[in-house]
Each structure stands twice: as C-alpha cells, then as structure tokens.
Amino acid sequence: YNGSDLWLRYVPVDDAKLLRDYRRAATAVVVENADATKVHRHTTDLAMAPDSSEKLVETTLGAARDELVRGLGGLLGQPTPVATVDGGTVPDGAVVVGTPTSSPLVGRTIATRDLAKVGDEGYLVRSVSKGGARFTVIAGNTDLGALYGTFAFLRLLQTQKPIDHLRVAESPKIKHRLLNNWETERLYAGNNASGIGGLNGESGAIFNFAATGASAGRNLPVILDRYLVMARALASLGINGITINNVNADNAYLTSTRIAQEAALADALRPYGIRLGLSIRYTAPTDSRFAPDTLTNSQLDPYGADFRGWWHRRAQQIQAAIPDFMGLTVKANSEGQPGPQDFGYDHGDGANAIAAAVAPLGMTVHWRTFVYNAEVDNDRLKRAYLEFGPIDDEVQPDGSRGRFADNVFLQTKNGPLDFQAREPIHPMFGRMENTNQALELQITQEYTGQNWMLAYLGPMYEEILKTDTYATDANGKLLKKRLVGNIVDGTAQHHPDTAIVGVANLGNADNLTGHHFAQANLFAFGRQAWDWTLDSADIAADWTRMTWSNDRRVVDTIHAMMMGSWESLVSYQTPLGIGHQFAEGVHYRPDPADWAGRDDWSPIYYNKADSVGLGFDRSPTGSNLAAQYFPRLQQRYGNINSVPENLLMWFHHVPWGHRMDSDRTFWDELVYRYQMGVQYVTWMRETWDRLEPDIDARRFAEVRAKLAVHEADAADWRDTSVNYWKEFSGRDIPVDDAPLSATIVVNGKRFGGFNLSDTSYTIPVPAGAS
Ligand code: BDP
C-alpha cells in the first residue's frame, strides 16, 4: 500500500464485536434526491485520466452518498446498498443524509431549531428510533453541511467509536478554512523527489496544467485521480477553499487558456465545497501576455480608473468561468515582488484598490503581511507591524478607524520571522482590531524537516492558537477572549468575517505529501481550522487509527512518536529560541556561521554569537520588539527572568553562565537540548523498527529509510551547532551522568517516555579543523 488514500482508508474493522455492531447499525444508505441539485459546471465534459478509478460527481449529496457506499463497503467488508424510502418506511439501520429541503425524511426527524443552531456548514448526526426502525440521520442546513457530517460519521467508524447513541452537533469556528498551495515552491512532495531539499518545481506539482486533454476545442487539464482524492480528503476536514499557485505569482495563471483549465479544475472540486483562488502579482496588468489589454507603469496608480478597471475586467473574466471564485492573494513589496510602494503608495492604497475592483463581484483580497523592508527598522521582526499598524489605526473621514476595506484580509504568519519551528506569536494578533486578519500557518515542512524528518506539527498549531495575546480594549482592560484562536475566529474583537490559511504540502507523490507522516500535518491543520480548541493529541490518535491501524499497540506507539517529534525537532534544530540557523536558500541543513549576503537572511544576524553569550536582544535594552506586544507579554518577554525558556533567545542575548530553571548553566542546557532532540529521533527509529510485523511493507520501509536520514541529519544539526557555539563560549561539553530526561512536555502535557541510555556525547571535530 502506497499511502495514496491519505486518511480515507476504509479497511475492514478488525474487532469482531464492533464489526457486528456496525453491520447492524449501518445496513443501507439513504440519500433522497441526491442527484437533484447539480452544482454549476462550466465545462461540459471534463477530461478524465484514461486509467482513472475515481469517479466525477455532479452533486454534493452525490459525493456524500458515494463516500458512504465506499466507506461502509470497505469498513464493514460487505457492500452497503443504496436504499429509497418509498412509502415512508425507513429500513432498520439506514444511514440517512440530507437537508430538510433535499430530504423529507430529514425534515420529519430533525427539528428546524436544532438545525438552525449549526449554521450553514454545520451538521447534526443523530441516532433515531421511529416506527420500529432505528437509523442514523446526518443532517445539514446545506448539502455541504450534510457532506461534512458524512465524513464525521465515517471517522467514528474509522476510529472505532460507538455509533448507536449519536447526538453530534458541530459547526466550524472559522468561516474561511483555506489552503495556499505554493505548488512549485517549497514543495517536498513530488514523485521525483531525489535529494535533500528537493524543490520539485513543476514536475512535483499536484495540479498539472501541462497535461491537457483536448475537449470541445479547449485544452482542459486532465482530471487526475489524485485531484479527487485530495478533494475528498479536504472536504473530510471542512477545508473550503484553495489558492492553487505560489505567492511569488506567475501571471500565466490569469491568462485565458489557464483560466479555462482552472475552471475545469474548479468544476471537479465544486461538489466537495472547495472553491478556487489565485495568487497574483501586483503589476500583472503590464504583462504583454494580456495584450491588447495591458497597462503601462504610469497607469498603475491604485486610485486611477485604469488599474482598478483592469483588475475588475480580469476578475469578471475569471468569474464568468468560475462563478464561485474566492478571490486573490497578494504578496506585494516583499522579497522582490512588486507592490504599491514602487509607485509611491502604501499597502493600504494597494490592497484597497484591488479590493475595490473585485468587491462588486463578491471576491476578497488576501493581502500578505510578510514584509520586511530593511529601511523600516534594524530588526526584521518589527517591520511588518510598523508598516501595517498605522494603517489599521488611521482615523477615516467618517470618524471610524482603519483604512483597509471590508473585503481585505491581512494574511499574517503565526510568528514575526518566517515559519521557524518555534516562534513567539506575531505581535499583530490582537493589534489589528479594525481589519480582517487571517492566520497563515505552514503545513509544508520548509523549515521543519521537509520530506525527510518526521515532525507532527499539530502541537505547534495548538501552541500558537492557544497562546494568550493579553489583548486589551481601548481603555486598557484585558479582553475576556483573547487567545490567538479567539482573535482569528473573530470572537475577541467581533469580526464577522474570519479566515485561516495553511500553506499546503500537496504534490504528485504517490502519498501526495512526500513523507507518510506529513499527511498528519494536513489532517491536523484541517481539524484545527474547523475547531481550533481541539487537542492535537486527540487529532494524532484519530489520524493514526485512520491511516495506520486500530491495533492498540500500534496506535500507542505511533502516537507517542508523533507527540514528541516536534519538540524534538525544535531541540536539535533551534533550541531555546534561537531562530533561522539554516544554510541559505534550501532551509534544511544548519549553517550557523553563514552571512547570506544580507543581514536579515543570515544565521549570524539572528544568533549574535559572541564571548558573552547567544541570542538577539529584543528587550528594552535591544531592539525592543517586546514593546509591540500587549503590556503583559511585553513585560514577560522583555525580562530575561520571566520570558518562557523556549523563547529565550528570541528576546535576549543570553550569557553563557545564565542559570536556567533546571539549575544548569545556559551553555549546559543548550547542549543538553540538542542532545535530547537527537536522542528522541534515535528512539523513534528504534521504536518504528519494532512495528515491522504490524505495518504494511512498503510504508514501513519508506518510513524506516526516512528515519535513518532523519537521525543522521538531526545529529548533524547538533554537532554543527554545538561545535560552532563552543568557539564562542569556550566551555566544555557537559557530560551528564544522570540519564537525560525521558519526557517531553507538549502544551503542558507530558509525552514520550523514551529511555535514553547513552548520555555521553562527544562532538566530532569537523574535517579540516586543527
Ligand atoms: C519563505 C519562503 C519563500 C516564500 C516566502 C513567503 O522561503 O519561499 O516565498 O516565505 O511566504 O518562508 O512569501
């Protein structure tokens, strides 16, 4: 088995008693009027791949029906028939799916007021007894809600939960749950992934616009099975939109040929409730590929009719082909991308211009805040807030505050630097109260081990979402709801429109994500985007059961490996708050001694190693990034004695002899962390080996091979880093006689329980050193 079903693996339930119960409780599938409401299809015939085993569906309820037939058929090890309710008799054990509109039966069994509470995308799953029959009803207010409920129901069976007394009510906390698929950049999931840091480019991309099938005179992308597997998998999580191209956008995605292809893709994804978006380049109107409709530089004035008219026309053209197109994502004045500042305007002017052009079409603009113009401040981490904060604060002619338009989302990475394995939260969370803000998280493991390292990021997302911003109101009073999750879901500052974005890891690898365990990060992101209050440990358990096995020993073992894996990565890569120690460009290997041609890309700028200590002083004695946070965090982070140790070097230049909570010196603790991180990987490798009898051969071997590389590369991080720091500290490597701690604490809970027998650690002297 190659992993290509992701977590939608419907293997027979191996517990005999449970299987009997399930077979009794799920005997038939009833989806009334499943084919009635066809979703809009722009293209008349989509070009399916010739050897396709997936099937295109035309309705959302049809997708629900097919999923139940497939899922129950697999899980129960017997075909589950599709039944009708002619004459009103519901078969005993029926699984009924629909909305009060699509299904009279749902209308009769579910009270409207109960359903009203779950909103547009929510669902109810209920066990019902009526007229001598017991059956299950999966109900939504919309077809999509009913589809989401269907996947939730199947998840119960996949994770071997009881299904006979169900009373589930669910609705998403965040409205737009999106992926950005950078597609060709930072993609570690291509079939041709050869070496470390494999940036697969076009050949690894999941959406292959080069593979076209001629149909009705148009070039359509061949709809490949993996698009539909992806669509089902995303719908199973409730992800409702995907921006398909890289933020360093290629204008090709806006050309007529490509729009026709995108429309075909949108058609295939639409039944699953997945809408399409595009990343664009601010200066696209000047691209000669749009001739004769091109502008000159002087027509790019964001307040001028030319610029707005161009974007309006382009958006109209897209909408004609993709009626539910979401909108545009913009990376402007960032890492060489053009933007309004090149023409004398600011981010507010630029964002609002495009927003105004697309607003009449009901589209949004996601304007990214990943900017770090060196002229703004010496500390890269302070720059974004310095640029965006004043625009959010600006008093408008009507007396209101904030200049960004209502259909603009400022899309902000979780931390102020760039997707490092652990960062403090971005100071903008809570500070942009007059603007819609979207949280951007990275799923693709650019800085977290790419497709070589096993790192489960659920705990990282959880740590971010549950961090207290200590945000206050205008009078300085602490808000009641003020975790990052509350800011993002709009409850903290009463934002009705809300969004979360995951930079995705989908490529054309057989398992779609490169590393089998990278699938877990997409799964966790999706579950947390739906409900950010979920526990990442529970999510890991569900994923393990759905993806690998329900065998208790396998579940416990894989779960333990996953739960400590992120903290271990932080420990051997960037412990105690040191950031960005990567070799230039590739972002996989360490190179702490590097100056990468400009300060804010350089390990030495971030580590500030010297004979006194290590770390970047961002306290009041340094750059004072701390002051960008709300007062409580400002005090906590600004003081070396109160900053959480895992963020220490983000805010302080820490003296080598500084006393840590463990009573070790900072130097000893630092070395200890590197070593602990590596030893955890050793433990994972050994532990995985013991699972060989319980795991299918191909996946077992692939993970095993990756863990061997992982272990060697983790050791390289430790040795390269400690060796280099030693030149500055002048201290010896501590040899600790006591066994290293066997426990890793994740979000306040203890995980791991691995035995570290070998506590000695000798740093190899690098080749060529005297
Ligand atoms: C950095 C990536 C780069 C992206 C950039 C971004 O290295 O490939 O283009 O983020 O978010 O992490 O714009």
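1. Gly-98 has Ala-139 of strand 4 as its bridge partner. The model is a predicted one. The pairing belongs to strand 2 (residues 94-98) and strand 4 (residues 133-140), which run parallel and are joined by four bridges.

2. Where do strands 2 and 4 sit in the sheet order? They are neighbours in an open sheet of five strands, ordered 1-2-4-3-5. Pairing across this sheet is mixed. Its edges are strand 1 (28-30) and strand 5 (167-170), each of which pairs on one side only. From one strand to the next, the twist averages 20°.

3. The model also holds a closed barrel. Eight strands form it, in the order 6-9-10-11-12-13-14-15. Here the pairing is parallel. The twist averages 25° from one strand to the next.

4. One barrel pairing can be followed down to residues. Strand 11 (residues 327-330) pairs with strand 12 (residues 364-368) over four bridges, in the parallel sense. Val-330 has Trp-367, in strand 12, as its bridge partner.

5. Two helices lie across barrel strands. Helix 11 (residues 458-465) crosses strand 14 (436-442) and strand 15 (499-503). Its direction is at about 155° to strand 14. Helix 13 (residues 519-530) lies across strand 14 and strand 15, and also across strand 6 (176-180). The angle between helix 13 and strand 6 is about 155°.

6. What surrounds the second largest pocket? Its lining counts 29 residues, and those nearest the centre are Asp-120, Glu-121, Thr-142, Leu-144 and Asn-240. Two elements give two or more residues to this lining: helix 5 (143-158) and strand 6. Strand 6 supplies the largest share, three residues. Strand 6 is also part of the closed barrel. The volume of the second largest pocket is about 590 Å³.

7. The lining of the second largest pocket is mixed in class. It has ten charged, ten polar and nine nonpolar residues.

8. How far does helix 20 reach from its first C-alpha to its last? The span is 47 Å, close to the 48 Å expected at 1.5 Å a residue. Helix 20 covers residues 697-729, 33 residues in total. Gly-730 follows helix 20, with a positive phi near 65°.

Conventions
Residues numbered from 1 in each chain as written. Predicted model: local features only at pLDDT ≥ 70, side-chain atom pairs only at ≥ 80, totals over all residues. Heavy atoms only, no water. Pairing = 2+ DSSP bridges. Axes fitted to C-alpha atoms, helices over the stretch in contact; angles between N-to-C directions. Contact = heavy atoms within 4.5 Å. Expected span 1.5 Å × (residues − 1). 1 Å grid on protein atoms, 1.4 Å probe; cavity = no way out; pocket = protein on both sides within 12 Å on 5 of 7 lines; lining within 4 Å. Points joined across faces, edges and corners; volume = space filled by probe spheres on them. Nonpolar A, V, L, I, M, F, W, Y, C, P; charged D, E, K, R; others polar.
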